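User: I'd like to go through the salt bridges here and see how each label is earned. Can you take me through the reasoning?

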Amino acid sequence: VVRCSESSCDHLLRHNVLENTTFGEAIVIMYFTIFSFYWVWSFIGFLFTLRDSHEMHEFYTERLEIRDDELPMLKWHQVLDKLVGIQDHVKICIIKNLDSLDITNRIMRKDNYMISMVNTGIFKISALCLDEHSGVFGTTLEWNIRALILDSMFDDNFSVKRFLDPTAHEQLSENLQLKNGSVRLRKKLMVMGVINFIFMPFLLIFMTIYFFLKHFEELHSKKSALGPREWTCYARWHLREYNELPHFFEKRLRATHKPSQRYVNQFPMNISTIIARSVAYVSGAIVGVLLILSLTGSKSILNVYIGHRSLIWYLAVFTAVLAVSRSLIPDLIEQYNPVEAMEEVIQQTHYCPPKWKGRFHESKVLKEFSMLYKPTLLVFLGELLSVVTTPFILFCYLPSRADRILE
């Protein structure tokens with residue numbers, strides 16, 4: 001390439017990349033174009049966030065008199081006390097002085113509406129053999145709900161728009177306002193469904209790349225990179241309590257992981273564990289043989305091809321298979337006590353359906369609990385499913401529930 005000149009390498013260059021473009025090349029060009037717009041949009045959002053962070057830093061240092069080195073050591077209630085105390089000489093709200101509850105309500109206002117919609121069954125979906133636990137309610141649908149409803153339901157004064165209608169006025173009857181708001185919301189949902197359908201292939205590629213970039217280091221450093229379980233998106237909203245700030249909620253969920261994993265491990269091996277052990281044994285043996293060949297300096301690892309693939313390619317593939325299969329094998333337990341494990345989970349989650357009581361040792365309870373607390377790999381597959389189903393939910397399902405959303 002260094003010695004290449006314009007005349008000698010002219011046959012290698014494509015002067016117009018858009019001529020004679022194959023379908024695959026067109027998809028790549030389109031994806032990189034969309035990704036470039038997304039990158040610019042994210043960078044602009046980062047600049048606005050940087051500006052807000054600078055203003056917040058000045059407010060903390062000048063008004064609250066909290067230095068950067070003090071902030072990590074303070075509890076949230078101490079920050080709240082300072083925020084409430086400065087209102088004698090710094091007006092935060094014109095109408096009245098805010099107390100701790102008012103501030104928390106203001107921070108959690110949008111999330112409280114989301115919690116309410118989840119708890120009232122707005123997103124309980126049963127279509128095409130799918131439900132809200134299968135991954136249909138994922139971060140893609142959550143983002144659309146935020147953009148369509150939560151981010152547009154407040155005016156500049158942070159007051160709720162009547163039926164999401166900024167032009168609504170008291171002269172119209174409440175039923176007519178509800179009808180107009182429902183029609184407007186249905187149109188917005190259907191338009192957003194079409195937009196999601198257009199961008200579906202690119203979202204699938206983006207989320208797949210993001211997942212592997214996020215878990216690649218864990219895949220090599222931890223035995224259970226894809227095996228540890230985590231709460232699904234629907235379960236997180238179902239377990240969250242009103243006015244529970246994000247850092248308190250995350251702390252509570254982190255405390256549930258060990259007892260939840262211990263509860264799942266209480267039950268005997270199922271068919272998936274048996275298959276995972278068998279796959280781990282076979283792939284481990286193959287990886288061991290190939291590693292011995294590479295360590296002894298044998299040239300066969302480079303020169304021997306099986307099905308047009310070198311042995312190095314098989315070494316990489318079976319290493320990945322070994323890591324995934326080992327991550328799906330649960331740890332052995334020394335003592336069988338599912339009741340104690342579940343009681344510890346309930347103590348942190350504050351969630352126990354009445355039909356579970358006295359039946360923690362039954363496989364039916366385990367199955368229902370596992371729908372909320374799934375392996376990371378299954379959660380990721382559920383997120384991919386959410387990308388595919390979100391356009392249809394927005395276009396076909398949620399418009400029929402526009403009245404319930406507005407109410």
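User: Why is Arg-236 called partly exposed?

Analyst: In this predicted model, Arg-236 has a relative accessible area of 29%. Buried means under 20% and exposed means over 50%, with partly exposed in between, so Arg-236 counts as partly exposed.

User: What makes Arg-236 and Glu-250 a salt bridge?

Analyst: The closest N and O atoms of Arg-236 and Glu-250 are 2.2 Å apart. The cut-off is within 4 Å, so the pair qualifies as a salt bridge. Arg-236 sits in helix 7 and Glu-250 in helix 8, so the pair ties together parts that are 14 residues apart in sequence.

User: And Glu-250, why is that one called partly exposed?

Analyst: Glu-250 comes out at 29% relative accessibility. That is in between the 20% and 50% limits, so Glu-250 is partly exposed.

User: How do you know that Arg-146 forms a salt bridge with Glu-142?

Analyst: Their closest N and O atoms are 3.6 Å apart, and the limit is within 4 Å, so this pair counts too. Both residues lie in helix 5, 4 residues apart, about one turn of the helix.

User: Why is Asp-111 called buried?

Analyst: Asp-111 has 11% relative accessibility. Buried means under 20%, so the label fits. Asp-111 also forms a salt bridge with Arg-146, with the closest N and O atoms 2.7 Å apart.

User: Which residues are linked in a network of salt bridges?

Analyst: Asp-111, Glu-142, Arg-146 and Arg-240.

Methods: Residues numbered from 1 in each chain as written. Predicted model: local features only at pLDDT ≥ 70, side-chain atom pairs only at ≥ 80, totals over all residues. Heavy atoms only, no water. Salt bridge = Lys/Arg side-chain N within 4 Å of Asp/Glu carboxyl O. Buried < 20%, exposed > 50% of the residue type's maximum accessible area, 1.4 Å probe, protein only. Helix = DSSP H or I, 4+ residues; strand = E, 2+ residues; numbered from the N terminus.
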